[in-house]
Amino acid sequence: MKLSRYLLPTLREAPSDADNVSARLMQRAGMIRKVASGIYDWLPLGLRVLRKVERIVREEMDAVGGQEILLPVIQPKSLWKETGRWDVYGKELLRLKDRKDAEFCFAPTAEEVVTDLVRREVRSWRQLPTMLYQFGLKFRDEIRPRFGVMRAREFLMKDAYSFHADEADASLHYQKIYEAYRKIFVRCGLKFKPVEAQSGAIGGSTSHEFMVLAETGEETIVSCSKCDYGANLERAEVKDHYAAPEASSFKSVTKFETQDKTSVAEVAKLVSRPLTDFLKTQLYMINGHKPVIALMRGDHEIHEAKLAAAVGSPALQRANEAQYRQVMGCKVGYGGPQGHPDAPVYADFAAKSVLNGITGANQDGLHVDHFNISRDLPALKGYFDLRCATPEDPCPRCGSRTVFYKGIEVGHTFKLGTKYSAVLKAEYLDERQKSRVMVMGCYGIGVSRVVAAAIEQGHDKDGILWPPAISPFHVALVVLDEADDARVRPAADSLVASLESAGIEVLEDDRDGKPGVKFKDIDLIGIPHRLVLSKKTLDAGEVEYKRRGVASFERWKLDEASDLLGALLAVPAL
């Protein structure tokens with residue numbers, strides 16, 4: 001491909017609203033252009049990378065028996081009503097009507113429509129298991145799209161769905177997909193880690209996220225320094241490794257004034273005590289009317305999903321000021337866990353270790369000191385894992401030290417069980433002709449997000465550093481002095497033909513312009529290898545070679561360049 005004929009509008013400066021590394025570099029490198037908030041054009045260079053990721057994913061999905069399909073992006077309301085998600089999915093679901101006022105949505109995911117397909121076409125146990133997958137556009141109406149294609153409203157996704165006769169077969173297939181995902185991201189040349197994750201709105205009993213490790217990542221990963229354990233911060237377990245203090249050390253409870261100080265940090269500063277001496281009392285309501293108290297050590301933050309799991313109710317919300325005063329009998333900030341028989345108290349494991357602690361007195365302007373749970377809170381519901389993990393917490397599997405990383409989610413796998421198949425009546429006849437509900441799995445990869453994550457992980461001050469497998473081209477050939485020496489053009493054509501016949505993808509920079517400008521563009525777009533052909537190199541029968549990211553360069557014999565580069569790339573000849 002000659003660069004003079006290629007739509008590659010590079011920029012010296014990124015647009016002012018580009019808010020992370022990949023958004024800046026993808027726009028500067030001429031890979032994408034913004035059309036509207038969270039919606040982008042993919043230009044030829046960007047699309048080449050996107051298709052390379054897609055090809056790798058497709059090959060690995062086919063290798064585990066996947067069958068590619070293409071599902072509609074516009075889906076009828078009726079299917080979403082059957083699963084109950086039409087009313088609960090939220091404003092991210094883009095709803096629309098046709099000319100007959102029939103309601104549809106632009107698919108953010110495809111559980112409903114693929115399960116509907118299978119319930120109509122799969123009847124017998126002999127047709128199971130089956131896995132269907134597709135590459136398709138998805139739309140989620142993000143309230144604040146950001147980070148370019150990383151958190152766009154429209155994005156390209158590979159979503160796969162498997163259907164099984166029973167849970168055991170579904171679990172076996174889940175493991176196959178897990179390994180296939182590992183192969184995909186290894187082949188893409190990414191440093192990544194699979195971690196345990198929350199299932200979220202998709203649902204199911206088990207899920208894993210595949211996280212590309214990058215300092216610019218949005219999510220925090222908790223990883224064991226010795227064993228294979230890993231989880232995102234939402235899912236990371238905290239085991240009970242705390243000892244309760246001896247009763248012989250307990251002091252008598254006393255009240256004291258806190259001078260209008262309500263937060264733990266303010267009271268701690270007032271009395272010159274560490275946050276670990278405090279017990280935070282946080283009030284929640286189930287369905288808006290049933291109170292629940294969470295008790296946390298002062299230096300820890302509550303994880304509301306963990307509290308909801310401990311309570312056994314997802315309909316859990318932080319109490320408002322009026323609810324707080326009604327239940328606790330005081331202003332917000334002065335409540336304590338004691339004396340509320342209608343509000344069960346769920347304590348975090350770490351709260352157990354607090355000796356002679358400080359908490360609210362349930363009276364405006366007052367706190368209590370020397371509070372001990374085992375003595376002063378006999379009606380405690382129990383101790384639970386209610387908080388976000390910290391670097392001080394040991395691995396919940398082997399007890400070793402944990403390490404925290406930043407990461408970018410690029411893939412997610414779910415064991416769905418019968419969440420969708422049961423309500424949609426996706427059933428099959430077993431060997432005894434008895435009707436049974438299919439067991440499902442769901443497996444997604446954000447193909448466009450993989451491209452951005454690769455850039456977040458691989459870049460320097462000059463531009464992108466592509467992993468070779470997904471680089472848009474293998475090599476850039478920079479042609480100089482064409483107007484000054486008649487030998488240059490035929491030599492360039494011959495070299496390009498030789499490279500392409502060896503299976504090497506070439507971007508030829510044949511533009512008029514200064515060498516420095518050409519070199520900057522090639523570095524910006526991240527082509528891993530660069531060859532320079534000029535009057536000077538031709539005089540020596542050579543071509544200049546340089547690897548992206550390496551300062552030094554080499555001189556190769558012109559007639560050996562194709563073989564030498566092919567050896568570096570390990571590209572089989574055509």
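Which residue of β6 is the bridge partner of Leu96?

This is a predicted model, in which local features need pLDDT of at least 70, side-chain atom pairs count only at pLDDT 80 or more, and totals for chains, interfaces and linings use all residues. Residues are numbered from 1 along each chain as its sequence is written, and side-chain values use heavy atoms, with hydrogens and water left out.

**Exercise 1. Place Leu96 in its sheet.**

Step 1. The bridge partner of Leu96 in β6 is Phe104. Strands here are DSSP runs (E, at least two residues), as helices are (H or I, at least four), numbered from the N terminus.

Step 2. β5 and β6 (residues 103-106) pair in the antiparallel sense over four bridges; two strands pair if DSSP finds at least two bridges between them.

Step 3. The open sheet has three strands in the order β4-β6-β5, with antiparallel pairing. β4 (74-76) and β5 (94-97) each have a single partner strand, so one side of each is left without a neighbour in the sheet.

**Exercise 2. Describe the surroundings of Ser562.**

Step 1. Ser562 lies in helix α15 (residues 561-569).

Step 2. Its relative accessible area is 8%. Ser562 is therefore buried (under 20%; exposed is over 50% and partly exposed in between, with a 1.4 Å probe and protein chains only).

Step 3. Leaving aside neighbours within four places in sequence, Ser562 is in contact with Ser498, Leu499, Ala502 and Ile504, where contact means heavy atoms within 4.5 Å.

Step 4. The Ser562 side chain reaches the backbone oxygen of Ser498 at 3.2 Å.

Conventions:
Polar contact = N/O pair within 3.5 Å; in protein donor to acceptor, adjacent residues only side chain to side chain.
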